[in-house]
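Visitor: I am new to this structure and would like a close look at a single part of it. Please take one strand pairing as the starting point and work outward from there.

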Amino acid sequence: MKTLAYIFCLTLFLSVSNNTDAFSQLQTGTLVSKFFPDPDIEINTPGFSHSDGFMKYNDMMNYLQMKADKRSDIVKITFIGESISGKKIPLVYLGKKSGNPTLKIWMQGGLHGNEPAGTESILMFINELIEAKNIDSILNYISFAFVPMANIDGYEKQVRLNDNKADLNRDQVKLEQKESVYLKQAFSDFAPAVAIDFHEFRPFRKELDKFSNKKLCIAQDILFLPSGNLNIPVQLRELTNLVYLSDVKEILGKNEITFNNYFVPDQDGNGMNVLRMGGDSPRSSSTSFGLTNAVSILFEIRGIGLDRNSYKRRVFSGYLIARSIMETTLANRAKVLETVNASINETIKRANPIVLDSKPLGYQGSMDFIDVKNLEYVSLDMQIQDVGRSQSVSTRKRPKAYLLLAENAPIVRKLQILGLVVDTLKSDVKIKTEVFMLEPNDTKPGLPPDSSIRISKQKRVFPKGCFVITTAQKNANLAVSILEPEMENGFFKYEMIKANSEGEIPVYRLLTEVKSSKRIR
Ligand SMILES: [Zn+2]
């Protein structure tokens, strides 16, 4: 692959911002030139053909089509569906039409419309790949699916949400938005071994005013969010953290790009300042991907509210990460394949209990920020709540399968989009089951506390037509994270499945295998 000369231009980079965000006024002139200088490279993606604003959907489509036309033997553009305003959402497939099975890498960007550098980074990476001399040998081992602009309507307006004012990265379980449904279906169909989601973060945050009497902003170029969800097999989380992220961090360090694990400044119940680090919610991509037994990383580039400031640096950082992910996959392909397959096998064998609840590891740590007025780094000591290093608090044995009633067909459809295999009962079946019951005084509307959910063992007859979701399948970790009623991002807590008048929650844990069923599509 072509090696660019990554030499940073340290000359003064002055930028005029037309963004009305008051904080972005601080991110100009000397702060940028001191801490975030642009690299001295040329980038030919559409956003760099002008010096203000960001690319439009049509700019991206023309660019992608031009690239695809160059190598129609290995590049294929398909459309996974339409945005609310009717724009077709492209998926760029890069791979050989025939040959041995490859490791599949999924990369998506622009889920939040006001995070333009992610989309631009993906286009830069696609261009580099297509132009690379050794692309044909890379494709002997890897195939790629890219969705560079997942939220087209938001991107066109440079706003976070889609046209229904919904946050697509909080919709990965509910799947209420059409963009979410198309994206998830395409992801499930592709079933990647490695999945990366490109975002940007806001460096100027009001919460930081509580941390110091100085005006501070977040100092790092990149924040990484690998999932800390304990229902993702441990060897997969270790491969992500110890191999993939370790390689990425080394490359970023060589290019003087700074990084940390993802954190948000916050306050605990006692008003003490804390940094909440990492994440584990299946409603957002990093965890949702990980629960399908893929290496999964969401990362954020320092960018929201900065308009075009540091744009070349932001795009270049995202590109470096994409390239590093590919190189790590190539260099460790046997290990990656082995780890992903071992995780899938462990899941299918129901080897581990379900982690119902976990608590983040708390410790004293320090974090660097930038003092905006004095233009210097400030290191603050504070309490860190690290979800990336959570401890299990309560567990439950895996059932052989979950059973849902025929009336819950819309929910079942969502499970299928999430890549779960669903069967239906061909005839009435009497089977040993565990039934979730709410304590009698908790049957009124509203969410009951977890402690009021009881399980009773019963032999039940379920009628023909009920849905059965076996836990002996690749994406079973997603099923357990959505169907156990105590789960924060589950169907019960989201009130997509409701208790009946007797307080019974119609999600049944089957304790023996079901024989009489047929697979539905
Ligand atoms: Zn985002």
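Which residue in S13 is the bridge partner of Val355?

Guide: The bridge partner of Val355 in S13 is Thr395. Before going further, note that this is a predicted model. The mean pLDDT of the protein chain is 92, and 93% of its residues reach 70 or more. Residues 1-21 are another matter, since pLDDT stays under 50 there. The model has 39 contacts beyond four places in sequence for that stretch.

Now the pairing itself. Val355 and Thr395 belong to an antiparallel pairing of S12 and S13, which extends over 16 bridges. S12 covers residues 354-371, and S13 covers residues 376-396. The two strands form a hairpin with four residues between them. Leu375 in this hairpin has a positive phi near 50°.

S13 also pairs with S10. These two strands run parallel and are joined by four bridges. Within that pairing, Val274 has Gln383 of S13 as its bridge partner. S10, made of residues 273-277, pairs in turn with S9, made of residues 263-267. That pairing is antiparallel and has five bridges. Gln267 faces Asn273 of S10. Five residues lie between S9 and S10, which form a hairpin, and Gly271 in the turn has a positive phi of about 80°. Read in order, the pairings lead from S12 to S13, from S13 to S10 and from S10 to S9.

The next step outward is the domains. The domain assignment gives domain 1 as 40-356 and domain 2 as 398-520. The centres of the two domains, taken over C-alpha atoms, are 32 Å apart. Contacts between them involve 23 residues of domain 1 and 22 residues of domain 2. On the side of domain 1 that touches domain 2, the elements giving two or more residues are helix H6 (178-190), helix H10 (333-348) and strand S12. H6 supplies the largest share, four residues. By type, the residues on this side are 12 nonpolar, seven polar and four charged.

The two domains also meet in the largest nonpolar core, which has 126 residues. Helix H9 (residues 311-331) gives the most to this core, with nine residues. Both domain 1 and domain 2 give residues to the core, so it lies between them. In soluble globular proteins, nonpolar side chains tend to be buried together. Leu403 and Ala479 have the most contacts inside the core. Leaving aside neighbours within four places in sequence, Leu403 is in contact with Phe462, Cys466, Phe467, Val468, Tyr508 and Leu510.

Several single residues complete the picture. Leu175 lies in the loop between helix H5 (152-157) and H6. Leu175 is not a glycine, yet it has a positive phi of about 50°. Leu175 is buried because 20 other C-beta atoms lie within 10 Å. A second case is Asp307, in the loop between strand S11 (295-302) and H9. Asp307 is also a residue other than glycine with a positive phi, near 50°. Asp307 counts as buried because it has 23 C-beta neighbours inside 10 Å.

Ile142 is in strand S4, residues 142-147. With 21 C-beta neighbours inside 10 Å, Ile142 is therefore counted as buried. Not counting residues up to four places away in sequence, Ile142 touches Thr102, Leu103, Ile105, Met326, Thr329 and Leu330. Ile142 and Thr292 are 150 residues apart along the chain, and their C-alpha atoms are separated by 19 Å.

Lys464 is the last stop, in the loop between strand S17 (453-462) and strand S18 (467-470). Lys464 has 13 other C-beta atoms within 10 Å, so it is partly exposed. Lys464 touches Leu425, Lys426, Ser427 and Asp428, again not counting residues up to four places away in sequence. The C-alpha atoms of Lys464 and Val429 are separated by 7.4 Å, although the two residues are 35 residues apart along the chain.

Methods
Residues numbered from 1 in each chain as written. Pairing = 2+ DSSP bridges. Domains from an automatic or database assignment. Contact = placed C-beta atoms within 7 Å. Nonpolar A, V, L, I, M, F, W, Y, C, P; charged D, E, K, R; others polar. Buried ≥ 20, exposed ≤ 12 C-beta atoms within 10 Å, placed from the backbone. Core = buried A, V, L, I, M, F, W, Y, C linked by C-beta atoms within 7 Å. pLDDT = per-residue confidence, 0-100.
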